[in-house]
Amino acid sequence: MRYSLVKYNRQKVEDITGFAKRCDIPNLNENSLEDIVKFTNTFKDESELWDFLTYSGLIGPQLTQDNSLGIAYYAGKNSDPTILPYGLSFKEDKKFFNVEFLKSYFTNRVRNVDFMDYFLNKYYNRLKNVNLFAYRLQYLNDAFSHYMHYHDLPRDTMDEMYGFIKDYTLRKDKTGNYVINFTRVRELAMFAINYERLYIRKSKPIIKDDSKDLDIEISHYETLLMEDNLSMEERAIYENKIKELQIIKKDNIYGRK
């Protein structure tokens, strides 16, 4: 089992190696999910990461709209790669990889209709029959329905969300002790980051004079559309975002502002 930073498109996946020797992070393991995240979180955005990898000679220059950067998981030596969902995280996302921050972030959004609908579509439907999580997720699902009908939140809702995040981010090690499960921390972090990108950060103005950044952003949403477990709402948001970016790019080409 290993992880790898990769460049990929619909035809192939290519591992990116050698970045540990060219960055300022000591003892970086290029096959560790946690260390790959630590590496990408040192960059402002995907454009800056592309530049670093290109100028370092780790990847060749190419049209970024034909390729994406991501993290691949290899279950075994000869297994095919699986691209992890939600893309990469960057410098402004670093705080999401702290478990205490995640507990606070999720519990403080139990009254947020968009967030809870997004959360339950992802976690309730997938884990409602898993014994460890079933009770808390059923409580959260019922609490959300109650809130939608009566605009009143059951008193233990925040505690149950806190408990779910705590349980989900822990695993037992070989000695029977509970330790942080970084794979799940990363999953929750990227779920929250993607929510921010869809609902919060979308209000930020898009750079209108840099076609390279627009190509990267279009590629990012095209990559997200390739995921199999998207809700109809997520798919519609991504498709609309791509259309919006393509219009801006077209306006730039023809000199319209």
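## Strand pairing and the sheet

Two strands are taken to pair if DSSP finds at least two bridges between them. By that criterion, β1 and β2 pair in this predicted model, with three bridges joining them in the antiparallel sense. Within this pairing, K7 stands opposite E14 in β2. The two strands, β1 and β2, form a hairpin, and four residues lie between them.

The wider arrangement is an open sheet of four strands in the order β2-β1-β3-β4, with antiparallel pairing. Its edges are formed by β2 (13-15) and β4 (82-83), each of which pairs on one side only. Helix α2 (residues 46-55) packs on the sheet and touches β1 and β3. The direction of helix α2 makes about 80° with that of β3.

## The β1-β3 pair

Strand β1 (residues 2-8) pairs with strand β3 (residues 68-74) in the antiparallel sense, over seven bridges. Two facing positions illustrate the register: R2 stands opposite Y74 in β3, and Y8 stands opposite S68 in β3. Of the seven residues of β1, six are buried, so the strand is largely enclosed by the rest of the structure.

On the β3 side, G70 lies within the strand. The relative accessible area of G70 is 2%, and G70 is therefore buried, the cut-off for that class being under 20%. Leaving aside residues up to four places away in sequence, G70 touches S4, L5, V6, Y8 and L88. Another residue to place relative to G70 is I36: the two are 34 residues apart in sequence, and their C-alpha atoms are 10.0 Å apart in space.

## Helix α4

Helix α4 comprises 15 residues (residues 113-127). At 1.5 Å a residue, a helix of this number of residues should span 21 Å; the C-alpha atoms at its ends are 20 Å apart, which agrees. The helix α4 nevertheless contains a kink of about 35°, centred on L120.

L120 is also one of the buried residues of α4. The others are F115, M116, Y118, F119, K122, Y123, Y124 and L127. The N-terminal end of α4 is capped by N112, which has a side-chain oxygen 3.1 Å from the backbone nitrogen of D114.

## Loop residues with positive phi

Y86 lies in the loop between β4 and α3 (99-107). The phi angle of Y86 is near 80°, a positive value in a residue other than glycine. Is this residue, Y86, buried or exposed? Y86 counts as buried because its relative accessibility is 4%, where the class requires a value under 20%.

A second residue of this kind is H151, found in the loop between α5 (131-150) and α6 (157-168). Phi of H151 is near 55°, again a positive value in a residue other than glycine. H151 has a relative accessible area of 66% and is therefore exposed, given that this class begins over 50%. The two loop residues thus fall into opposite classes, with Y86 buried and H151 exposed.

Technical notes
Residues are numbered from 1 along each chain as its sequence is written. This is a predicted model: local features need pLDDT of at least 70, side-chain atom pairs count only at pLDDT 80 or more; totals for chains, interfaces and linings use all residues. Side-chain values use heavy atoms; hydrogens and water are left out. Contact means heavy atoms within 4.5 Å. Axes are lines fitted to C-alpha atoms, for helices over the stretch in contact, and angles run from 0 to 180 degrees between N-to-C directions. The expected span of a helix is 1.5 Å times one less than its number of residues. The bend at a residue is the angle between axes fitted to the seven residues ending there and the seven starting there. Buried means under 20% relative accessible area, exposed over 50%, partly exposed in between (1.4 Å probe, protein chains only). A polar contact is a pair of N or O atoms within 3.5 Å; within protein, one must be able to donate a hydrogen and the other to accept it, and residues adjacent in sequence count only if both atoms are side-chain atoms.
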